[in-house]
Amino acid sequence: MTDPTTAARRVAALTLIPTSVAVFGAGLAWANSHDPYASSSSKSGTSSQTPDDQLAAAQAKVDDAQAKLAKLQAEVDGRSADAAGQSSAAAGASSASPSAAGAATTTASKATTQAKATTVANATVAAPVVVGAPAAPKVQTVTKASTKP
Amino acid sequence: MTVSTDLAVTFTSMASDIEIRVVDPAPGAEEAVDRAVAAIGAIATHLTRFDPESALSKANRAPAAWHDVPAVLADAISAAHSAHRVTHGLFDPRVGATLAAWGYDKSFERIQTEAVGTTSWDIEIHRTLRGAPVARATWEPTVTGTVINLGGSPIDLGGIGKGLAVRHAAAALADAGRSVLVDAGGDEWLAGPGPDGDGWKVGVEDPLGRDEHVLVLAVTDLGVATSSIARQRWTVRGVPVHHLVDPRTQTPGGAGLAAVTVLHPDPAWAEVWSKTLYLTGAADIAASAAALDLAAAWVTVDGEIGLSAAIRPFVLWQVTR
């Protein structure tokens, strides 16, 4: 199957694989900051840049991600407006959003690994989400609370 | 015209309904399913702490001693140790002692019908009220082949066991067919494009008990796990507790959260991260998921739904309220 939505999801799934490797390193830094017993930091930021320089560089990447997100959103909005009739336009937006979200999230995700979490949270606010469909699609399985751990 | 018949098996293990489904099965699929069922059975047999004769129970009775154990248990201890290190201790299988002190030393169905409470509970309730950190060293088991040493502490592998079962089953089913589903009571592996060819449609249960799903995800080649307090919660001497214990305080964790769902290429890590993210609580989970770049969704005790950036491409539908 080669429809664009499926392809986008597959690409997004693939991005999680290298991401999961990077996550382990990021996880150490994050968990360390949450560990009340840690006696020393294991953060790997060995750059000779000052914290201000690093923050500025990270902010620049976040700004770049936001600009790309805005561009993608504009494209999605433009395509939706071109669709005939309001109801079909709304449906078009729903089907187009996952692809845009996939590309946008990939861009934003790269920024998250380099910027502070609080800054990244701002960068990801613009990511579009498919919501508001009148009824839930039929599901093939359910993820849920287990009966026991 | 070729008419394909899906291959499906359901059974009960680890106190859960297990489902294995192969879409457009390839030659040898039935044997692959048999291997997957056996792999899940091995996890259930050797990793349970509710059977005093299991390999884990025997090791737990002498946690400072060396034991020659089945390979599946040695592998699980290594995996749990990796999770402990990567999460910097937030994943800690030693919380089983706290669960036992709260009466969870038997299958969950029996907790609410039998007396609970030990002298240690008085200590735990004191900690609950104080919210004080509990100082403890890093867990350092040793695994050499199939010879293990638990490092002096009994452990509970419930926080990773189902994820490992799904991981092993998924490996056994790698070439079984066009698409594969393994569902171990909500911890899942979803391979291939699914029955309709556009991803497996996964409903995310509403942890607050409403019939409608909170999300529908479209998933391909990923593990899915949900950590939730929808079912495993009870009271001890009037104090509400649940099974997701914060090792930093030895008290019920995840303040303000009802459930967390994580997508990850490895089902075992999906389970580890869903539990670990849950423990960060409602106030910190968004920043934590973003910092870790995890594909995560969560529901607060007030019913609010949160999404990380990485999970948004997989969201097919979200409930509106």
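1. Strand E8 of chain B, residues 200-204, and strand E9 of chain B, residues 215-219, run antiparallel to one another and are joined by five bridges. Within this pairing, Lys201(B) has Ala218(B) of E9(B) as its bridge partner. The model under discussion is a predicted one, and the remarks below should be read accordingly.

2. These two strands belong to an open sheet of four strands, ordered E1(A)-E8(B)-E9(B)-E18(B), in which the pairing is mixed. Strand E1 (141-143) of chain A and strand E18 (315-318) of chain B each have a single partner strand, so they stand at the edges and one side of each is left without a neighbour in the sheet. On average, and with direction ignored, neighbouring strands of this sheet are turned by 25 degrees against each other.

3. Which residues of E10(B) point one way from the strand, and which the other way? Leu222(B), Val224(B), Thr226(B) and Ser228(B) point one way, Gly223(B), Ala225(B) and Ser227(B) point the other way, and all of them are buried. Put in terms of the element, strand E10 of chain B, residues 222-228, is mostly covered, with seven of its seven residues buried.

4. The partners of E10(B) deserve a separate remark. Strand E7 of chain B, residues 187-191, pairs with E10(B) in the antiparallel sense over three bridges, and here Glu188(B) has Val224(B) as its bridge partner. Strand E15 of chain B, residues 257-264, also pairs with E10(B) in the antiparallel sense, over six bridges, and in this case Ser227(B) is matched with Val260(B) of E15(B). Val224(B) and Ser227(B), the two E10(B) residues named in these bridges, are among those that point in opposite ways from the strand.

5. A further open sheet in chain B consists of three strands in the order E3-E5-E4, with antiparallel pairing. Its edge strands are E3 (66-68) and E4 (142-144) of chain B, each of which pairs on one side only, and the twist from one strand to the next averages 20 degrees. E4(B) and strand E5 of chain B, residues 147-149, are linked in the antiparallel sense by three bridges, and Thr142(B) stands opposite Asn149(B) of E5(B).

6. As for chain B taken as a whole, its secondary structure amounts to nine helices and 18 strands, and 56% of its 321 residues are buried. When contacts in chain B between residues at least 6 apart in sequence are considered, 62% of them join residues at least 24 apart.

Key
Residues numbered from 1 in each chain as written. Chains lettered and ligands numbered in written order. Predicted model: local features only at pLDDT ≥ 70, side-chain atom pairs only at ≥ 80, totals over all residues. Pairing = 2+ DSSP bridges. Axes fitted to C-alpha atoms, helices over the stretch in contact; angles between N-to-C directions. Buried ≥ 20, exposed ≤ 12 C-beta atoms within 10 Å, placed from the backbone. Contact = placed C-beta atoms within 7 Å.
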